[in-house]
Amino acid sequence: MSVLAQNTISIGLIIMVLVAIASGVGIFFYLKYRKGSVALRLTRTAFSVGETVDGVLAVTCRQDLFVDRITVSLVCIAHWKSSYYDHEGKRKTRSHREEQLRREYELARRVSLTAGSNEEYAVDLKIPRSAHSFSSSSTSGGLLGNVLRQMISSRRYVWRLEARLDMKGLDLTTSKRISIH
């Protein structure tokens with residue numbers, strides 16, 4: 001077999017794999033779309049430790065659904081970079097992320113939703129005191145203390161609310177970024 005024929009076969013296989021992946025992703029999103037959608041609507045997105053996050057989780061059903069649980073989770077992810085030297089002595093940077101806090105709040109259990117319905121579930125959760133450890137003002141010390149802390153620890157904390165309708169098959173999910181000071 002010639003090199004040209006081998007290259008043509010290889011390109012054909014690559015195209016088939018890419019089409020299969022794209023089809024799988026398309027089917028996944030279509031199946032989720034057929035079930036319905038969820039959206040978090042909050043009264044505001046910036047909070048202090050101890051304050052209450054309030055709003056609604058809006059659910060739009062496109063087909064009949066039986067939901068095992070409806071939850072909202074408060075999540076904090078730490079992001080930071082570290083440096084190292086590779087085997088050639090070149091300095092490299094590696095990005096890291098790690099979940100620091102997850103608090104799950106159950107809004108409802110064993111719910112039947114009918115096609116064409118629009119439901120809302122109240123979101124009313126208090127930012128826990130433990131979030132103080134991961135907020136931008138986690139210790140006293142004023143401006144100088146904040147600058148020194150940033151020099152010592154370059155961790156950046158990203159907060160979000162994640163909502164989930166847990167059911168058989170594909171779950172419906174959404175998330176919204178918030179800030180905690």
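**Figure 1. Lysine 90 and its salt-bridge partner.** Lysine 90 counts as partly exposed because its relative accessible area is 48%, a value that falls between the limits of 20% and 50%. This residue, like every other one shown in these figures, belongs to a predicted model. Lysine 90 is joined to glutamate 88 by a salt bridge, in which the closest N and O atoms are 3.7 Å apart. Glutamate 88 has a relative accessibility of 53% and is therefore classed as exposed.

**Figure 2. Overview of the protein chain.** The chain contains two helices and eight strands. Followed along the sequence, these elements occur in the order α-β-β-β-β-β-β-α-β-β. The chain has 181 residues, of which 30% count as buried. Its exposed area is about 11,800 Å², and carbon and sulfur atoms supply 55% of that area. When contacts between residues at least 6 apart in sequence are considered, 70% of them join residues at least 24 apart.

**Figure 3. A salt bridge between strands β1 and β6.** Side chains of opposite charge can pair when their charged atoms come close. The view shows arginine 41 and glutamate 120, which form a salt bridge with their closest N and O atoms 3.1 Å apart. Arginine 41 belongs to strand β1 (residues 36-42) and glutamate 120 to strand β6 (residues 118-126), so this pair ties together parts of the chain that are 79 residues apart in sequence. With a relative accessibility of 47%, arginine 41 counts as partly exposed. A search of the whole structure finds eleven salt bridges.

**Figure 4. A network of linked charges.** Salt bridges link Arg69, Glu104, Glu106 and Arg109 in a network. Within this group, the side chains of arginine 109 and glutamate 106 meet at a distance of 2.9 Å from N to O. Arginine 109 is partly exposed, with a relative accessible area of 42%. Glutamate 106 is also partly exposed, and its value is 40%.

**Figure 5. Arginine side chains over aromatic rings.** Two views are placed together here. In one, the charged end of arginine 94 sits over the ring of tyrosine 84, at 4.3 Å from the ring centre. In the other, arginine 155 lies over the face of tryptophan 80, and the distance to the ring centre is 3.8 Å. Pairs formed by two aromatic rings were also sought, and the structure holds zero of them.

**Figure 6. Serine 73 in strand β4.** Serine 73 is part of strand β4, which covers residues 65-85. Its relative accessibility is 4%, and the residue is classed as buried because this value is under 20%. When residues up to four places away in sequence are left out, serine 73 touches Arg102, Arg103, Glu104, Arg160, Leu161 and Glu162. One of these contacts, Glu104, also takes part in the salt-bridge network of Figure 4.

**Figure 7. Lysine 35 and its contacts.** Lysine 35 is located in helix α1, which comprises residues 3-35. At 10% relative accessibility, lysine 35 counts as buried. Beyond its neighbours within four places in sequence, lysine 35 is in contact with residues including Thr60, Cys61, Arg62, Gln63 and Leu65. Further contacts of lysine 35 include Met167, Lys168, Gly169, Leu170 and Leu172. Aspartate 171 is 136 residues away from lysine 35 along the chain, and the C-alpha atoms of the two residues are separated by 9.0 Å.

**Figure 8. A nonpolar surface patch.** The residues Ile14, Val17, Leu18 and Ile21 form a nonpolar patch on the surface. Together, these four residues have about 390 Å² of accessible area. Valine 17, a member of the patch, lies in helix α1 (residues 3-35). This valine has a relative accessibility of 48% and therefore counts as partly exposed.

**Figure 9. The backbone at arginine 110.** Arginine 110 has a positive phi of about 50°, although the residue is not a glycine. It is found in strand β5, which covers residues 91-113. The relative accessible area of arginine 110 is 59%, and the residue is exposed.

Terms used
Residues numbered from 1 in each chain as written. Predicted model: local features only at pLDDT ≥ 70, side-chain atom pairs only at ≥ 80, totals over all residues. Heavy atoms only, no water. Patch = residues over 30% accessible without salt bridge, like charges linked within 9 Å, V, L, I, M, F, W, Y side chains within 5 Å. Areas by Shrake-Rupley, 256 points an atom, 1.4 Å probe, with all protein chains shown as cover. Helix = DSSP H or I, 4+ residues; strand = E, 2+ residues; numbered from the N terminus. Buried < 20%, exposed > 50% of the residue type's maximum accessible area, 1.4 Å probe, protein only. Phe/Tyr/Trp six-rings, centres within 6.5 Å; stacked < 30°, edge-to-face > 60°. Lys NZ or Arg CZ within 6 Å of the ring centre and 35° of its normal. Contact = heavy atoms within 4.5 Å.
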